[in-house]
Amino acid sequence: MSEFDLLILGGGSGGYACALRAAQLGLSVALVEEDKLGGTCLHRGCIPTKALLHAGEVADSARHASEFGVNASFISMDMLAVNAYKDGVISKLHKGLQGLVKSRNIAYIEGHGRLVAKNAIEVNGVQYTGKNIVLATGSYARTLPGLEIDGVQIVTSDHATKMEKVPATAIVLGGGVIGCEFASVWKSFGSDVTIIEALPRLVALEDESTSKQLERAFRKRGIKFEVGTRFASATKGPDGVTVTLENGATFTAEVLLVSVGRGPVSANLGYEEAGLAMDRGYVLVDNKCRTNVPGIWAVGDLIPTLQLAHVGFGEGILVAEEIAGLNPRPINYDGVPRVTYSEPEVASVGLTTAIAKERGYDVVELTYDLAGNGKANILKTAGSIKLVAEKNGPVLGIHMVGARVGELLAEAQLIYNWEAEADDVAPLIHAHPTMSEAMGEAHMALAGKPLHAHG
Ligand SMILES: Cc1cc2nc3c(=O)[nH]c(=O)nc-3n(C[C@H](O)[C@H](O)[C@H](O)COP(=O)(O)OP(=O)(O)OC[C@H]3O[C@@H](n4cnc5c(N)ncnc54)[C@H](O)[C@@H]3O)c2cc1C
């Protein structure tokens, strides 16, 4: 078999995006995948969780229908039907993706691949070679010592996206993005949920004000949480799983979701033998995703950048374009939009106040309360848009909490990435009544000309 221009190991967001872009640029491409094309995001990550969250939103709409003058009531979840809806979405997208890969003449190789030389991957006893090798083997759900995942009572997100029954009670270990999304889903589905987080706040990578607002909103929804307390042990008994914290507190629930982060899939794949520089299992790369071994590249959750599908897409495209000689611009990771799709949503781009200060900026802040926004009142959502800016300079960060604020990131990321100042954004007329108006109002207020703002 002839040598491919790109031989890609892993068909998730990072690997398939790289394959599609490289093929589009006229390069010959082979993609090796041992499970399903689309990887974590499509089959057990972004898409299934967002479908579950949407089902939860519908349940909440039924629950609160009378507040809008609609006679309806929430009876119960039918998980078979929820899963059929969710699987239908996945299946349609999966078929579409398979069609795309086929239409671009990408050689799709099914099976477990292993790097056996600096330019070769072995799959099912056959060696394939590439002028360039792109590693995109992704990540897996981590657990803690002494916490054995059984897939029934003690589960990871892999199992939680496929549950056939709503747990009456659930403990979510880890209050990051994935933990908060599942806590939100299960609460909407009718579970009694408690989150346990070792760090002092939920969604700890976000601006501190964001965590406070999410915590307030979760408290209002009846989602319980313990922050700043570490997990000590878990035991299974007839009443479910009992979790003991280092401070001695105990919690018992039908299901324990372990959402303590994701680790790189890099063991026993020949990476060390090839001489790749690695750190705690992550493959290290430069700002063009090149490893220390010439001709080997790495993208997605396998490298220590933000573990997000769109980051994987961006890195995959970057590598394809670099190999094709287009000399693309490196990714500015601060400018990547981030969303936690809980109810309420959390969305941000750019720097938090703490990071902006650490980097030496003279920081000004402005928080626009969604209470002043017509659409937010129509939706009955609470939250805010917080701007972090350099004094007399550009906007450095935008931090949002509230229903549907994830959709506002499209504008927020333009503002941040184009280094706009409040005066640039304030004159832009935003449609009324939309949530996006709050973005305009926040910048009007920062520019010293607030319209619908109290105080
Ligand atoms: C519950 C959950 C929710 C998430 N929600 C979001 C979200 O809303 N938005 C977002 O942006 N991100 C989200 N993510 C993160 C997102 O899924 C990942 O960042 C993304 O999938 C990473 O892409 P990747 O290509 O690096 O790895 P993966 O998607 O993990 O793909 C790696 C692929 O490589 C294959 N593979 C591994 N080893 C081998 C081998 N030796 N041989 C052959 N094939 C191999 C695997 O089978 C897999 O298909 C979520 C993740 C989880 C778990």
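This passage walks through the domains, the ligand shell and the nonpolar core of a predicted model.

Starting with the overall layout, the protein chain splits into three pieces: domain 1 covers 3-141 + 263-333, domain 2 runs over 154-260, and domain 3 takes in 344-446. Domain 1 is thus written as two stretches of sequence, with the residues of domain 2 numbered between them. Measuring aside, the computed distance between the C-alpha centres of domain 1 and domain 2 is 27 Å. Where these two meet, 12 residues from domain 1 are in contact with 14 from domain 2. On the domain 1 side, the top contributor is α3, which puts in 8 residues. That side of domain 1 is made up of 7 nonpolar, 2 polar and 3 charged residues.

Helix α3 (46-63) turns up again around the ligand, where it supplies at least two residues of the shell. So do α1 (13-24), β2 (29-33), α2 (39-44) and α8 (309-323), each with at least two. There are 37 residues around the ligand, and the ones that come nearest are G10, G12, G39, G138 and G300. By residue class, the shell holds 20 polar, 12 nonpolar and 5 charged members.

As for the packing, the largest nonpolar core counts 131 residues. Inside this core, I8, C18, A19 and L256 have the most contacts. Take C18 as a closer look: leaving out residues up to four places away in sequence, C18 touches L6 and I8, then V134 and A136, then V299, and finally G316, I317, V319 and A320. I8 thus appears both among the core residues with the most contacts and in the list of residues touched by C18.

Definitions and conventions:
Residues numbered from 1 in each chain as written. Predicted model: local features only at pLDDT ≥ 70, side-chain atom pairs only at ≥ 80, totals over all residues. Near = placed C-beta within 6 Å. Helix = DSSP H or I, 4+ residues; strand = E, 2+ residues; numbered from the N terminus. Nonpolar A, V, L, I, M, F, W, Y, C, P; charged D, E, K, R; others polar. Domains from an automatic or database assignment. Contact = placed C-beta atoms within 7 Å. Core = buried A, V, L, I, M, F, W, Y, C linked by C-beta atoms within 7 Å. Buried ≥ 20, exposed ≤ 12 C-beta atoms within 10 Å, placed from the backbone.
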